[in-house]
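Visitor: Could you pick one spot on the backbone and take a close look at it with me? After that, I'd love to be walked onward from there to the rest.

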Amino acid sequence: MTKAFLSGNDAFAEGVRLARPQVISIYPITPQTTVVERISEMVEDSSLKSELIHVESEHSALSCAIGASAMGARTFTATSSQGLLYMAECLHYASGGRFPIVMMNANRSTALPWNIYGDQRDSLSQLDCGWIQVYVEDAQESLDMALQSYHIAENPLVSTPVMVNLDGFVLTHTYETVEIPSQTDADRFLPPFQTENKMSLDNPKNLAFSVGPDNNMEFKYLQHKAILGSKRIIEETDAKFAEIFGRSYGGLTQGYRLDDADYILITLGSITGLCREVVDELRERGEKVGLLKLRFLRPFPSDDLVAALGSAKAVGVLEKDISFGYEGTVYTNVNSVIAKNGLRLETYNFIAGLGGRDISRENITAIFRHLQTGGQHVNFIGLGMTIDD
Amino acid sequence: MTNKITAKTITDSEFFYGHKACAGCGGSLAVRIALKVLGERAISVLPAGCMSAVGFNYPHLCFSNNSIISTFAGTASMLTGVEAGARAVGIKNFKAVGLAGDGGTADIGIQALSGAIDRNDDILYICYDNEAYMNTGIQKSGLTPFGAKTTTTPSGENIHGNLRPKKNLFEIVAAHNISYAATASIGNLPDFINKIEKASKIKGTTYIHVVAPCPIGWGIPVNETIEIARKMIDCGLWYLAEYENGQFTLNKNPRDFSSIKDYLLSQGRFKHLDDADIEILAVQRDAKWAAIQKNWNTTKEEL
Ligand SMILES: Cc1ncc(C[n+]2csc(CCOP(=O)(O)OP(=O)(O)O)c2C)c(N)n1
Ligand code: SF4
Ligand SMILES: [Mg+2]
């Protein structure tokens, strides 16, 4: 183990190096670029032995990864925003074909208007494409989830691609001290990729075929079941990771000061750190507030939510996303769990940080006030005005 | 070259068998022959299009070699991944081959094809050209020739079918300074077989553009597929050529052309053409041949 001062992208690249992917397809887009630059340097200095392929588009980046995965190779690619949307067809292709590709996405706003800064509309708009989606908070978690994601994706019961989301700039370009595990420990954690879902000369296969109405539902049902089943694998992976590296993230969600909390804020990604500080401040004043970080959006952590929210009075969802014409997508998902489980509590949605708008400590304090006093359900933060529900 | 594959020596094994292509389908013959030449160590990538649609209907899977459908645009990019992946897992002596239609190659897939050639990935890309988007019901592609009636270029009083000439994909590919590119036709299988064999032995990206008529889309009887492919060469609207080491070579140099009108009017898709339309095609053909004869080498042996 060594320590280094790394950006989120650098840390992710270290995680990728330790995972030893055999084929990497790269195409640049801000703010993902430095991760593919680091990886290129690693291949140059032989600290990473991998086929590095300079593809001509993000569609090709993922199509290439699918081809390599179909030969049984461990693969990696990375993208952001317009690139993620450009590869949309291949997102469904990779998950439907059950190819356990790991991809980093630097969360960034989507055009129009053009904007290179961080929000989560890119990945949240792709929530239904059959990928496991992880949102990480800091550089250490970035590195750790690069490794863990392969362990989850490649589990034969899961066999599903994983998208790891890092908030653009705020996380991808912010430097922190990070522990880099040794290759020996990484190898102990992550065995080489093995799969039956591949073409080989000994056992030729036809892959990525058509399935008509008579069998199609069965394929989709199995895909759904595998992602639901990945919840257990995600928890086992985290436990194994803790055993070897001494760091644990708690699986699908990570709670903070939830015991006896009446007012809970749900977060994802890098804003969580600041929210924790606000929770501490308010707790010092005797206010019963807590926080639940959603680490995985697919599979959706329904059981964790029920357990965490069961006795709360109100819950807020803070997200850098809006499903135009309705509300934040994470909020819709949270409300569905609450309705299905008959929980009786108020829910509020806080849309913030679109196009990289700063989310301040004051904003978060005001959000907790809103939870306590009640008010409008869907709120835009930092707009200086309200929008009627 | 030793042990050339010929009609006599070609394997009896079938690699593309039991599929649902229409009777007389030229594309399926091109795929069948290509895989016979390449053999069981071929790993084929087929994009959306007729050949994947007729061959991969679970649980009825028709390729006995390793085969996978790619996205429509992704033949070449998936080939790149397959080739790199196969090497990465230690597979030796294999050939990653793309078998893509004209639309999948010249239109939506041209970006990925260009990228693969640029990287000189060790893949063979075969475009079977039936001159339209057949799988979706005969729509115009970038390789639909001037005058052809398709479902999106109908012929009527005002417009006589497709207004634009066929893209010159062979030379577009060659302009990448590719290791090897060739044109071929299922109307001349010995030549097609030779070129597949030759391409498969070259390291780096290779490309073969094979004309493969579609009786449904062309409006010809199902037993005239080969004949119409031959007529297309004989009347000079197609040519058999190679590009290698920066040089173009014409493999077959006909002394005179057969009737372009006869070739065109024997197909439903050209039935509406009047003499002025046909004259446009004849002028284009003559200009092309003048350039070919001026700039390209010719092979001595007649094929
Ligand atoms: C991204 C995308 N756009 C459109 C289609 C619809 N589509 C499937 S096959 C096809 C036509 C294929 O034409 P071509 O490549 O010439 O092959 P052919 O069917 O003629 O053999 C089209 C348009 C698709 N599958 N994917
Ligand atoms: S429509 Fe044409 S190309 Fe498609 S299978 Fe039938 S004959 Fe072949
Ligand atoms: Mg076609």
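Guide: Let's start at A:Ser46, which sits in the loop between helix 2 and strand 3 (51-54) of chain A. Keep in mind as we go that this is a predicted model. What is the phi of A:Ser46? It's positive, about 65 degrees, even though this residue is not a glycine. To see why that's worth a look: most residues other than glycine have a negative phi, and most peptide bonds are trans. Is A:Ser46 buried, partly exposed or exposed? Its relative accessibility is 43%, so it counts as partly exposed.

Chain B has a residue to set beside it. B:Asn93 also isn't glycine, and its phi is positive too, near 55 degrees. You'll find B:Asn93 in the loop between helix 3 (75-88) and strand 5 (95-101) of chain B. Here the relative accessibility is 65%, so B:Asn93 counts as exposed.

Now go back to chain A and look at the other end of helix 2. A:Pro31 is in the loop between strand 2 (23-26) and helix 2 (33-44). The peptide bond that joins A:Thr30 to A:Pro31 is cis, with omega at about 0 degrees. Chain A has another cis bond for you to find, between A:Arg298 and A:Pro299, where omega is about -5 degrees. A:Pro299 belongs to the loop between strand 13 (296-298) and helix 11 (302-309) of chain A.

While we're on chain A, try A:Ile381, in the segment after strand 16 (378-380). It counts as buried because its relative accessibility is 17%, and the cut-off for buried is under 20%. If you compare A:Ile381 with A:Ile29, you're spanning 352 residues of the chain, and their C-alpha atoms are 28 Å apart.

Cysteines next. How many disulfides does a search of the whole structure find? The count is 0 over all chains. A:Cys129 shows you the reasoning: a disulfide needs two cysteine sulfurs within 2.5 Å, but the closest cysteine sulfur, in A:Cys90, is 11 Å away, so there's no bond. A:Cys129 has just 2% relative accessibility, so it counts as buried. B:Cys22 is another story: at 43% it counts as partly exposed.

B:Cys22 also leads us to a ligand. Ligand 2 is surrounded by B:Ala21, B:Cys22, B:Cys25, B:Cys50, B:Asn130, B:Cys214, B:Pro215 and B:Ile216. By class, that shell has 7 nonpolar residues, 1 polar and no charged.

Did you spot B:Asn130 in that list? It turns up again at the magnesium ion, ligand 3, where it gives its OD1 atom. The other protein donors are B:Asp102 (OD) and B:Ala132 (O), and the donors lie 2.0 to 2.1 Å from the ion. B:Asp102 is in helix 4 (residues 102-107) of chain B, while B:Ala132 is in the loop between strand 6 (123-129) and helix 6 (169-174), so this pair, 30 residues apart, links distant parts of the chain. Both B:Asp102 and B:Ala132 are buried.

Let's finish with the empty space. Rolling a probe the size of a water molecule over the atoms shows where empty space is left. The largest pocket holds about 620 Å³ of space. It has 19 lining residues, and those closest to its centre are A:Gly96, A:Gly97, A:Ala208, A:Phe209 and A:Phe219. Helix 5 (88-96) and helix 9 (213-245) of chain A are the elements that give two or more residues to this lining, and helix 9 has the largest share, with 5. Sorted by class, the lining has 8 nonpolar, 7 polar and 4 charged residues.

The second largest pocket comes to about 510 Å³. Of its 25 lining residues, B:Lys166, B:Leu237, B:Tyr239, B:Gln284 and B:Lys288 lie nearest the centre. Helix 6, helix 10 (260-265) and helix 11 (275-295) of chain B each supply at least two, and helix 11 gives the most, 5 residues. This lining splits into 15 nonpolar, 4 polar and 6 charged residues.

Definitions and conventions
Residues are numbered from 1 along each chain as its sequence is written. Chains are lettered from A and ligands numbered from 1 in the order in which they are written. This is a predicted model: local features need pLDDT of at least 70, side-chain atom pairs count only at pLDDT 80 or more; totals for chains, interfaces and linings use all residues. Side-chain values use heavy atoms; hydrogens and water are left out. Buried means under 20% relative accessible area, exposed over 50%, partly exposed in between (1.4 Å probe, protein chains only). A residue is near a molecule or strand if one of its heavy atoms lies within 4 Å of it. Ala, Val, Leu, Ile, Met, Phe, Trp, Tyr, Cys and Pro count as nonpolar, Asp, Glu, Lys and Arg as charged, and the others, Gly among them, as polar. Donors are N, O and S atoms within 2.8 Å of the metal (3.2 Å for Na, K and Ca); water is not among the atoms, so sites may look incomplete. Helices (H or I, at least four residues) and strands (E, at least two) are DSSP runs, numbered from the N terminus. On a 1 Å grid over the protein atoms alone, a cavity is a set of points where a 1.4 Å probe fits but cannot get out, and a pocket is an open set with protein on both sides within 12 Å along at least five of seven lines; lining residues have an atom within 4 Å of a point. Grid points are joined across faces, edges and corners, and a volume is the space filled by probe spheres set on the points.
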